[in-house]
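This report goes through selected local features of a single model, moving from open space to strand pairing, backbone angles and ring contacts. The sequence and structure come before the discussion.

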Amino acid sequence: MFKINDYVVYGSTGSCEIVDIVREKDISDNDTEYYVLQPAYHNNITIKTPVNNPKVLMRPIMTREDVLSLIATMPELEPILASDDRHKNESYKAALKTGQSEEWVKVIKALYMEQQERLEAGKKLAKADDDIMKAAEKNLHEEFALALNISPDEVLPYILEHVQ
């Protein structure tokens with residue numbers, strides 16, 4: 001169980017702070033405990049989710065050591081590859097939904113490589129792929145920023161400085 005002020009990754013929402021834990025009656029009139037979450041970098045929304053919600057992945061954010069270890073392994077991580085566009089899109093979306101930083105890196109790597117190929121051909125990345133890449137980068141940068149105690153805008157330069 002998490003505590004108030006803990007930072008967690010909440011599904012595809014990304015990094016959130018637990019701002020409260022409340023007990024309320026649910027639809028079936030049972031007493032249920034809820035986490036009250038606020039996205040770490042977007043304080044204009046609040047999320048309330050049951051403490052024992054099996055439908056949405058919720059995990060603690062990575063530690064500084066975990067982030068540094070992941071950064072060190074980034075060059076060896078294989079990008080997600082798929083045979084056709086439909087399977088590729090499904091693979092990327094599934095990787096995003098895992099809530100796992102390593103999977104986000106694989107998506108970003110794959111889409112960055114595709115973006116480079118398309119730029120060389122004078123084309124842009126497909127809108128759906130661009131949206132997925134932005135979501136993966138947002139989630140990764142926000143989690144890394146919290147773990148490293150820097151701003152999300154400083155994450156990419158930090159990674160580039162520390163990656164071989």
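By class, the residues that line the largest pocket of this predicted model comprise twelve nonpolar, one polar and two charged residues. The space in this largest pocket amounts to about 450 Å³, and of the 15 residues that line it, those closest to its centre are I108, K109, L156, I159 and L160. Helix 3 (101–120), helix 4 and helix 5 each contribute at least two residues to the lining of the largest pocket, and helix 3, with five residues, has the largest share of that lining. As a general point, rolling a probe the size of a water molecule over the atoms shows where empty space is left.

Turning to the strands, strand 1 (7–10) pairs with strand 2 (residues 14–25) in the antiparallel sense, over four bridges, and within this pairing Y10 stands opposite G14 of strand 2. The two form a hairpin in which three residues lie between strand 1 and strand 2, and G11, in the turn, has a positive phi of about 50°. Strand 2 also pairs with strand 3 (residues 31–39), again in the antiparallel sense, over nine bridges, and here E24 stands opposite T32 of strand 3.

Which residues other than glycine have a positive phi, N5 and N149 among them, and where do they lie? Most residues other than glycine have a negative phi. The table sets out the two cases.

| Residue | Phi | Place | Relative accessible area |
|---|---|---|---|
| N5 | about 80° | segment before strand 1 (7–10) | 52% |
| N149 | near 60° | loop between helix 4 (127–148) and helix 5 (155–162) | 72% |

N5 counts as exposed because its relative accessible area, 52%, is over the 50% cut-off. For N149 the relative accessibility is 72%, so that this residue, found in the loop between helix 4 and helix 5, is likewise classed as exposed.

How many aromatic pairs does a search of the whole structure find? The search finds one aromatic pair. A contact of another kind involves the ring of Y34, since K48 lies over the face of that ring, at 5.6 Å from the ring centre.

Technical notes. Residues numbered from 1 in each chain as written. Predicted model: local features only at pLDDT ≥ 70, side-chain atom pairs only at ≥ 80, totals over all residues. Heavy atoms only, no water. Phe/Tyr/Trp six-rings, centres within 6.5 Å; stacked < 30°, edge-to-face > 60°. Lys NZ or Arg CZ within 6 Å of the ring centre and 35° of its normal. Buried < 20%, exposed > 50% of the residue type's maximum accessible area, 1.4 Å probe, protein only. Pairing = 2+ DSSP bridges. 1 Å grid on protein atoms, 1.4 Å probe; cavity = no way out; pocket = protein on both sides within 12 Å on 5 of 7 lines; lining within 4 Å. Points joined across faces, edges and corners; volume = space filled by probe spheres on them. Nonpolar A, V, L, I, M, F, W, Y, C, P; charged D, E, K, R; others polar.
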